[in-house]
Amino acid sequence: MGCVTSFLILVHVLSPLSEVLGVFSEIYIGNQGDNMICKICGKPLKQAQWKNNNTLKSCPHCSLENGEQHVYYAYPDRFGETPKRATPKHPEGPQSHCTECRPKHPAPSPHEGAIYCEELK
Ligand SMILES: [Zn+2]
Ligand SMILES: [Zn+2]
């Protein structure tokens with residue numbers, strides 16, 4: 001009899017725990033793209049990075065697709081500019097994604113001329 005009681009207590013203790021774990025794994029999987037960090041520079045992959053006196057810029061889409069490090073292309077050649085995106089730091093208004101990533105169904109990355117974060121340390 002004592003055995004059954006302790007079994008029931010065990011089930012009672014474990015079931016809320018597995019619920020909590022389920023919620024945690026959902027949060028983790030749901031935000032994975034947002035939280036992905038570059039293994040080379042430690043900055044978020046979805047955040048555009050600038051290098052070499054603003055002649056190289058990372059594409060957030062290509063970087064997330066890579067999943068490990070930032071993927072850079074020559075700027076402005078491979079990004080283009082729009083006055084709509086002008087900021088005090090970049091008054092020319094850089095496009096956030098490379099030109100190959102902007103169509104609705106972008107070509108698989110990396111594209112020609114990709115430079116990886118590990119090459120720019
Ligand atoms: Zn990086
Ligand atoms: Zn891209």
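**View 1. C98 sits in the loop between β3 and β4.** This is a predicted model. C98 is buried, because 28 other C-beta atoms lie within 10 Å, and the cut-off for buried is 20 or more. Which residues does C98 touch, not counting residues up to four places away in sequence? They are C59, C62, Y73, R78, F79 and H111. P60 is another residue to find in this view. C98 and P60 are 38 residues apart in sequence, yet their C-alpha atoms are 8.6 Å apart in space.

**View 2. The largest nonpolar core has nine residues.** Four of its members are cysteines: C59, C62, C98 and C101. Three are tyrosines: Y72, Y73 and Y75. V71 and F79 complete the set. Which strand gives the largest share of this core? Strand β3, residues 71-74, does so with three residues. C62 belongs to the core. Leaving aside neighbours within four places in sequence, C62 is in contact with V71, C98 and C101. S109, P110 and A114 are also contacts of C62.

**View 3. Four strands form an open sheet.** Their order is β1-β2-β3-β4, and the pairing is antiparallel. Which strands are at the edges? They are β1 (50-51) and β4 (115-116), and each pairs on one side only. Strand β2 covers residues 56-58. Three bridges pair β2 with β3 in the antiparallel sense. One place to look is K57, whose bridge partner in β3 is Y73. On to the pairing of β3 with β4. These strands also run antiparallel, joined by two bridges. Here V71 stands opposite Y116 in β4. In a regular strand, side chains alternate between the two faces of the sheet.

**View 4. Two cis peptide bonds lead into prolines, P76 and P110.** Most peptide bonds are trans. The bond from Y75 to P76 is cis, with omega near 5°. The bond from S109 to P110 is cis as well, with omega near 0°. Where do the two prolines lie? P76 is in the loop between β3 and β4. P110 is in the loop between β3 and β4 too. Y75, just before the cis bond to P76, is one of the residues of the largest nonpolar core. S109 and P110 are both among the contacts of C62.

**View 5. N53 and N54 have positive phi values.** Most residues other than glycine have a negative phi. N53 is not a glycine, but its phi is about 55° and positive. N54 has a phi near 60°, again a positive value in a residue other than glycine. N53 is found in the loop between β1 and β2. N54 is found there too, between β1 and β2. Is N53 buried or exposed? N53 counts as exposed, because it has 7 C-beta neighbours inside 10 Å, and the limit for exposed is 12 or fewer. N54 has 13 other C-beta atoms within 10 Å, so N54 is partly exposed.

**View 6. A86 lies in the loop between β3 and β4.** How many other C-beta atoms lie within 10 Å of A86? There are 13, so A86 is partly exposed. Its contacts, leaving aside neighbours within four places in sequence, are P91, E92 and G93. C98 is found in the loop between β3 and β4 as well, but C98 is buried.

**View 7. The whole chain puts the close-ups in context.** The protein chain has three helices and four strands. From the N terminus on, the elements run α-α-β-β-α-β-β. Of the 121 residues, 19% count as buried. Contacts with a separation of 6 or more can be split by distance along the sequence. Residues 24 or more positions apart account for 42% of these contacts.

**View 8. Confidence varies along the predicted chain.** The average pLDDT is 84. A score of at least 70 is reached by 72% of the residues. Where does pLDDT stay under 50? It does so over residues 25-30. For this stretch, the model has zero contacts beyond four places in sequence.

Terms used
Residues numbered from 1 in each chain as written. Chains lettered and ligands numbered in written order. Predicted model: local features only at pLDDT ≥ 70, side-chain atom pairs only at ≥ 80, totals over all residues. Contact = placed C-beta atoms within 7 Å. pLDDT = per-residue confidence, 0-100. Core = buried A, V, L, I, M, F, W, Y, C linked by C-beta atoms within 7 Å. Pairing = 2+ DSSP bridges.
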